[in-house]
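Here is a short briefing to read with the model open beside you. It moves from one helix to the annotated lysine, then to a few other residues and the chain as a whole.

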Amino acid sequence: MSDIPLQLHHIQQRIARACAQAGRSADQVQLLAVSKTFGTDAIAQAIAAGQLAFGENYVTEAVTKIQHFMSHAPSLQWHMIGPLQSNKTRAVAQHFQWVHSVDRMKIARRLSEQRPDSLDDLQVCLEVNVSAEQSKSGVMPEEVAAMAAEIVRLPKLKLRGLMCIPEPSTDPVAQRQPFALLRELLHDLQRAGHAVDTLSMGMSDDLEAAIQEGATIVRVGRAIFGQRDYGQKVKI
């Protein structure tokens with residue numbers, strides 16, 4: 001018997017405890033189950049346990065999963081959370097409800113142009129490189145305001161907020177610093193008149209710190225599905 005339902009329950013308990021400690025309601029934080037590299041059997045177990053929102057990094061793999069569940073689980077919500085190349089934007093625009101990893105205007109424009117008129121606006125977040133890591137995607141904090149002002153003018157996109165993947169740390173104080181920066185950047189956008197409400201931040205090892213700083217979506221994979229085997233072919 002898989003541990004996925006039990007692990008989901010544990011994560012939900014962690015979220016509830018973190019929200020209580022932060023003086024927040026647990027329904028203010030959405031759990032996004034990061035199902036990249038895991039097959040439809042694992043996702044089906046999470047669905048049976050009540051999980052409906054899933055995050056994916058690899059477009060071709062994700063589209064196959066989305067199409068698999070389309071007929072018997074149409075209420076699922078699919079979020080693209082990985083780096084997005086120009087040649088993959090059409091598939092994302094056609095199949096996903098959310099994109100967290102918009103990091104340049106070329107990608108935003110392509111998503112806008114390729115979003116079918118039959119679908120609701122694509123919900124998007126700007127990915128911010130809060131730790132200034134050269135190996136990481138994302139716009140620099142000082143570029144957020146200008147890029148947000150451009151994105152809100154694009155049709156078929158709805159700017160919802162910001163996302164980050166900070167440099168890993170085991171120190172709870174150090175964990176909170178990049179999340180606090182992202183929160184302040186969101187507040188700057190709100191003060192500038194943007195109707196943004198989303199902070200996508202926090203993963204398996206640091207979701208408590210993210211919730212303390214205002215996370216509205218936490219992205220959890222390993223603590224739900226287990227360790228990933230990147231060398232193994234995904235079973236759809």
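Helix α3 covers residues 59-69, and its buried residues are Val-59, Glu-61, Ala-62, Val-63, Lys-65, Ile-66 and Phe-69. These buried residues pack against α2, β2 (53-56), β3 (77-80) and α4 (89-95). Please keep in mind that this is a predicted model.

**Helix α3 and its buried residues**

- A handy rule for reading such a list is that an α-helix has 3.6 residues a turn, so residues three or four places apart point the same way.
- Two members of the buried set on α3, Glu-61 and Lys-65, turn up again among the contacts of Lys-36.

**The annotated lysine, Lys-36**

- The unreviewed UniProt entry carries the annotation "modified residue: N6-(pyridoxal phosphate)lysine" at Lys-36.
- You will find Lys-36 in the loop that runs between β1 (30-34) and α2 (40-48).
- Lys-36 counts as buried because its relative accessible area is 14%, below the 20% cut-off.
- Setting aside residues up to four places away in sequence, Lys-36 touches Gly-55, Glu-56, Asn-57, Tyr-58, Glu-61, Lys-65, Arg-228 and Tyr-230.
- The same unreviewed entry, according to UniProt, has the feature "domain: Alanine racemase N-terminal" at residues 8-228.
- Within residues 8-228, 40% is helix and 17% is strand, and the C-alpha atoms at the two ends lie 16 Å apart.

**Two residues with positive phi**

- Thr-37 is not a glycine, yet its phi is positive, near 75°.
- Thr-37 sits in the loop between β1 and α2, and its relative accessibility of 14% makes it buried.
- Lys-156 is another non-glycine residue with a positive phi, in this case about 70°.
- The loop that holds Lys-156 lies between α6 (144-151) and β6 (157-163).
- Lys-156 is buried too, with a relative accessible area of 18%.

**Leu-126 in strand β5**

- Leu-126 belongs to strand β5, residues 122-127.
- With a relative accessibility of 0%, Leu-126 counts as buried.
- Beyond residues up to four places away in sequence, Leu-126 touches His-100, Val-102, Val-144, Met-147, Ala-148, Ile-151, Leu-159, Gly-161, Leu-162 and Met-163.
- Leu-126 and Ser-200 are 74 residues apart along the chain, and their C-alpha atoms are separated by 9.6 Å.

**Ala-148 in helix α6**

- Ala-148 is part of helix α6 and is buried, at 0% relative accessibility.
- Leaving out neighbours within four places in sequence, Ala-148 is in contact with Leu-126, Leu-159, Leu-189 and His-194.
- Between the C-alpha atoms of Ala-148 and Met-105 there are 9.6 Å, while the two residues are 43 residues apart along the chain.

**Leu-157 in strand β6**

- Strand β6 contains Leu-157, which is buried with a relative accessible area of 8%.
- Once neighbours within four places in sequence are left aside, the contacts of Leu-157 are Ala-108, Leu-111, Ser-112, Asp-121, Leu-122 and Val-124.
- One of these contacts, Val-124, is 33 residues from Leu-157 in sequence and 6.8 Å from it in space, C-alpha to C-alpha.

**The chain as a whole**

- How many helices and strands does the chain have? There are nine helices and eight strands.
- The chain has a radius of gyration of 17 Å, which agrees with the value near 18 Å for a compact globule of 236 residues.
- Along its principal axes, the C-alpha trace spans about 50 × 40 × 30 Å.
- Buried residues make up 52% of the 236 residues of the chain.
- Among contacts in the chain with a separation of 6 or more, 61% come from residues 24 or more positions apart.
- About 11,200 Å² of the chain is exposed, and carbon and sulfur atoms supply 49% of that area.
- The chain has 25 positive and 25 negative charges, and the mean positions of the two sets are 4 Å apart.

Definitions and conventions:
Residues numbered from 1 in each chain as written. Predicted model: local features only at pLDDT ≥ 70, side-chain atom pairs only at ≥ 80, totals over all residues. Heavy atoms only, no water. UniProt positions renumbered as here; feature names shortened; annotations may be inferred. Helix = DSSP H or I, 4+ residues; strand = E, 2+ residues; numbered from the N terminus. Buried < 20%, exposed > 50% of the residue type's maximum accessible area, 1.4 Å probe, protein only. Contact = heavy atoms within 4.5 Å. Rg over C-alpha atoms; globule rule 2.2 N^0.38 Å. Areas by Shrake-Rupley, 256 points an atom, 1.4 Å probe, with all protein chains shown as cover. Lys, Arg positive; Asp, Glu negative; His and termini not counted. Charge placed at Lys NZ, Arg CZ, Asp CG, Glu CD.
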